[in-house]
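Colleague: I am new to this structure and would like a close look at a single part of it. Could you take one helix and walk me through it, along with whatever it leads to?

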Amino acid sequence: MNYDEIKFKAAETRKNLGNGQYDRVDIFRVLKDIENISLIITKITGNISGFFMRNKEAGLIVINASRSLGHQYFTAAHEFYHIKYDLGMSGRVCPINKFEENYQNERDANHFAAHLLVPDNALEYMILKRTKGKQITLNDVIFLENYFQVSHKLMLIRLKSIGAITSKQYDSMKKNIIKNAARLGYNTDLYRNTEDKGTQIYSDYAELAQTLLDSGRITYGKYEELLLDGGYADILYGDNEESEGAENAFEDADSV
């Protein structure tokens, strides 16, 4: 698929998802709530950004929590392309490599993700709105990547691709991004990994298992098995002290 075809496919996908022309895409919400694709974010050892698996209509994307949150959003959009448009593939592990991949379908997935998250017209509009025609500064770049919720590297790639910055500016703006973002008052979560959050699961899997149990289609033993296989041991063995405490707090408030 050539570059223009990929750009068109990304634009068409944004439109079908109901995104406005200049809106950022909440890719995690898109996967779970609109595309019904399960998403797991967990620490993965090795040089891997993520991987996907497809079984008939069911899709699963696993993302490496050891990468920055901005990188995770890009990986989610990249794997979304594989599931939605690489219909001949049932699964693939995607390593951390350069943006211009040697493999065609990986390169297509990278370009799709870049244009899904940061379309040319939206980027050009936000640049003009922000700079009023003046030369782009590092502060502007940090504003733009936080607006679109993408990594610093991807924003530099996109700005260079539309001719908004030169190769020299690209090289000069690459370093000390967390320090500079913090100096400007931005939350730096976008630039950090999420290992401290443990495994995060975005899926209807647990709800589906509960529905099957409630309707009598599976035994409680099978229900337990499904939850354990899906990484939901906390539902079986966790306690409810936190939620019960919240209810008591409301009761206390009502009694005042």
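Modeller: Happy to! Please keep in mind that this is a predicted model. The largest cavity has a volume of about 30 Å³, and the count of cavities of 30 Å³ or more comes to one. Its lining is made up of Arg24, Val25, Asp26, Ile27, Tyr73, Leu117, Phe148 and Gln149. Sorted by type, the lining residues are five nonpolar, one polar and two charged.

Leu117 takes us to the helix I would like to show you, α4, which covers residues 104–117. At 1.5 Å a residue, its 14 residues should span 20 Å, and the end C-alpha atoms are indeed 20 Å apart, so the two values agree. Eleven of those 14 residues are buried, and therefore α4 is largely enclosed by the rest of the structure. Among the buried ones are Glu106, Asp108, His111, Phe112 and His115, as well as Leu116 and Leu117.

Now for the wider setting. The domain assignment places 3–117 together with 194–201 in domain 1, 120–191 in domain 2 and 203–231 in domain 3. Domain 2 and domain 3 have C-alpha centres 45 Å apart.

Strand β1, residues 37–42, makes a good last stop: Ile37, Leu39 and Ile41 form its covered face, while Ser38, Ile40 and Thr42 form the uncovered one. This fits a general pattern, as side chains in a regular strand alternate between the two faces of the sheet. β1 pairs with β3 in the parallel sense over six bridges, and with β5 in the antiparallel sense over three. Ile41 takes part in both pairings, with Ile63 as its bridge partner in β3 and Gln200 in β5.

Technical notes. Residues are numbered from 1 along each chain as its sequence is written. This is a predicted model: local features need pLDDT of at least 70, side-chain atom pairs count only at pLDDT 80 or more; totals for chains, interfaces and linings use all residues. Side-chain values use heavy atoms; hydrogens and water are left out. Helices (H or I, at least four residues) and strands (E, at least two) are DSSP runs, numbered from the N terminus. The expected span of a helix is 1.5 Å times one less than its number of residues. Buried means under 20% relative accessible area, exposed over 50%, partly exposed in between (1.4 Å probe, protein chains only). On a 1 Å grid over the protein atoms alone, a cavity is a set of points where a 1.4 Å probe fits but cannot get out, and a pocket is an open set with protein on both sides within 12 Å along at least five of seven lines; lining residues have an atom within 4 Å of a point. Grid points are joined across faces, edges and corners, and a volume is the space filled by probe spheres set on the points. Ala, Val, Leu, Ile, Met, Phe, Trp, Tyr, Cys and Pro count as nonpolar, Asp, Glu, Lys and Arg as charged, and the others, Gly among them, as polar. Domain bounds come from an automatic or database domain assignment. Two strands pair if DSSP finds at least two bridges between them.
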